[in-house]
Amino acid sequence: MDQIVNVEEFQELAKRALPKMYFDFYNGGAEDQHTLKENVEAFRRIMFRPRVLVDVSKIDMSTSILGYPISAPIMIAPTGNHKLAHPKGLFRETATAKAAAACNTIMIVSYMSSCTIEEIASSCYAVRFLQLYVYKRRDVTAQMVKRAEKAGFKAIVLTVDVPKLGRREKDIKNKMIPPKLKNFEGAFSMEVRPNKGSGVEAFTSRAFDSSLSWKDIEWLRSITELPILIKGILTHEDALKAVEAGVDGIVVSNHGGRQLDYSPATITVLEEIVQAVGGSIPVFFDGGVRRGTDVFKALALGAKAVLIGRPIVYGLAAKGEDGVKKVIEMIKNEFEITMALSGCPTIADITRNHVRTENEKLH
Ligand code: FNR
């Protein structure tokens with residue numbers, strides 16, 4: 001494991017460890033995969049304006065999210081079906097959660113997790129948020145929210161960018177069959193037809209409520225006291241609507257390029273959204289974070305913290321719980337070095353002036 005020095009190497013190990021169908025499911029994006037690539041590429045066009053002769057002998061990366069202290073502004077994004085990270089299903093969300101606890105960070109558990117949320121809750125002490133999709137069967141979704149409250153989850157993260165599933169062509173070609181979801185056993189049939197395109201798409205179009213709209217935030221608010229974050233905001237217009245709807249935070253996200261291809265790279269819209277929100281609620285960020293430098297860039301452009309998706313499942317597929325730990329620690333270490341070399345001993349020291357986007361002239 002000492003030989004592995006960056007996320008890209010974990011991606012390669014995951015590819016070798018997994019059957020093609022599962023690796024493609026984790027790795028792939030929608031249609032031309034333009035947004036998927038851009039999420040990563042757009043970070044490369046942002047350069048630093050490092051400040052020197054600042055005492056960086058002590059670096060403090062800690063921050064707090066909705067009142068919960070974490071070791072660094074790096075959280076685990078919700079990604080479904082962790083059972084697929086092992087050819088025999090031996091790695092699961094419980095391993096990811098243990099790694100989150102060991103790294104003192106927050107795991108956002110996917111609504112589509114392979115383990116039940118109770119199993120994940122009892123596996124470790126990590127702070128957990130539950131990501132939510134809304135099913136046509138609202139009673140099933142409401143029941144999940146109640147179960148999350150009971151199991152000690154601290155917030156609900158409502159994902160709003162999947163009224164229909166994006167066209168993930170690899171899943172269509174592979175006739176990807178999602179495993180049955182233990183959380184909903186007995187609630188309704190999860191049978192999908194394997195011989196007709198993507199089973200993930202078939203399940204989503206059958207189960208997900210594509211009529212979901214802004215007024216449903218009130219419905220969600222009426223069934224839970226937990227803080228509500230909205231994940232999947234890409235414009236300042238929708239960011240303002242989210243503030244008006246009274247949510248407790250937003251996640252700037254294009255679902256890792258898996259939904260609407262040619263959505264902009266998230267890092268290119270972050271600042272517009274942060275400015276619109278004007279500090280009234282925290283703005284979180286995901287999409288393309290592969291390096292500690294990316295974490296720094298997102299924070300400089302106004303994010304409170306970042307979420308990482310694929311790197312976590314690469315780590316899980318490559319080395320199980322230890323792999324996830326190593327991925328988080330690596331990105332944390334890179335972030336720490338970036339802070340030191342930029343002259344920022346604390347998170348509060350990171351400012352807009354520490355980065356230069358491609359449209360800005362050299363000062
Ligand atoms: C996801 N994502 C996701 N999002 C969500 O709200 N619920 C989910 O169940 C899933 N499932 C999922 C599975 C896999 C395999 C991937 C790669 C992604 C999206 C995820 O939360 C996040 O927005 C992106 O993964 C962020 O981009 P990066 O970090 O993967 O580049």
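**Figure 1. The shell of residues around the ligand.** In this predicted model, 22 residues surround the ligand. Pro78, Ser110, Thr159, Asp286 and Gly288 come closest. Sort the shell by class and you get 6 nonpolar, 11 polar and 5 charged residues. As for where all this happens, the ligand sits in the largest cavity.

**Figure 2. Polar contacts to ligand oxygen atoms.** Zooming in on Pro78, one of its polar backbone atoms is 2.7 Å from an oxygen atom of the ligand. Arg310 also uses its backbone here: an N or O atom of that backbone lies 2.9 Å from a ligand oxygen. With Arg290 it's the side chain instead, where a polar atom lies 2.9 Å from an oxygen atom of the ligand. How much of the ligand's exposed area does the protein bury? On its own the ligand exposes 610 Å², and the protein buries 98% of that.

**Figure 3. An aromatic pair, Tyr111 with Tyr133.** The model's count comes to 11 aromatic pairs, and this close-up picks out one of them. Tyr111 and Tyr133 meet edge-to-face, with ring centres 6.2 Å apart and 85 degrees between the planes. The two residues are 22 apart along the chain, so to speak, and the pair links distant parts of it. Tyr111 belongs to the loop between strand S5 (107-109) and helix H5 (117-123). Tyr133, for its part, is in the loop between strand S6 (128-132) and helix H6 (138-150).

Terms used
Residues are numbered from 1 along each chain as its sequence is written. This is a predicted model: local features need pLDDT of at least 70, side-chain atom pairs count only at pLDDT 80 or more; totals for chains, interfaces and linings use all residues. Side-chain values use heavy atoms; hydrogens and water are left out. A residue is near a molecule or strand if one of its heavy atoms lies within 4 Å of it. A polar contact is a pair of N or O atoms within 3.5 Å; within protein, one must be able to donate a hydrogen and the other to accept it, and residues adjacent in sequence count only if both atoms are side-chain atoms. Accessible areas come from the Shrake-Rupley method with a 1.4 Å probe; for residues, only the protein chains shown count as cover. On a 1 Å grid over the protein atoms alone, a cavity is a set of points where a 1.4 Å probe fits but cannot get out, and a pocket is an open set with protein on both sides within 12 Å along at least five of seven lines; lining residues have an atom within 4 Å of a point. A molecule sits in a cavity or pocket if more than half of its atoms lie within 2 Å of its grid points. Ala, Val, Leu, Ile, Met, Phe, Trp, Tyr, Cys and Pro count as nonpolar, Asp, Glu, Lys and Arg as charged, and the others, Gly among them, as polar. Rings of Phe, Tyr and Trp (its six-membered ring) pair if their centres lie within 6.5 Å; planes under 30 degrees apart count as stacked, over 60 as edge-to-face and the rest as tilted. Helices (H or I, at least four residues) and strands (E, at least two) are DSSP runs, numbered from the N terminus.
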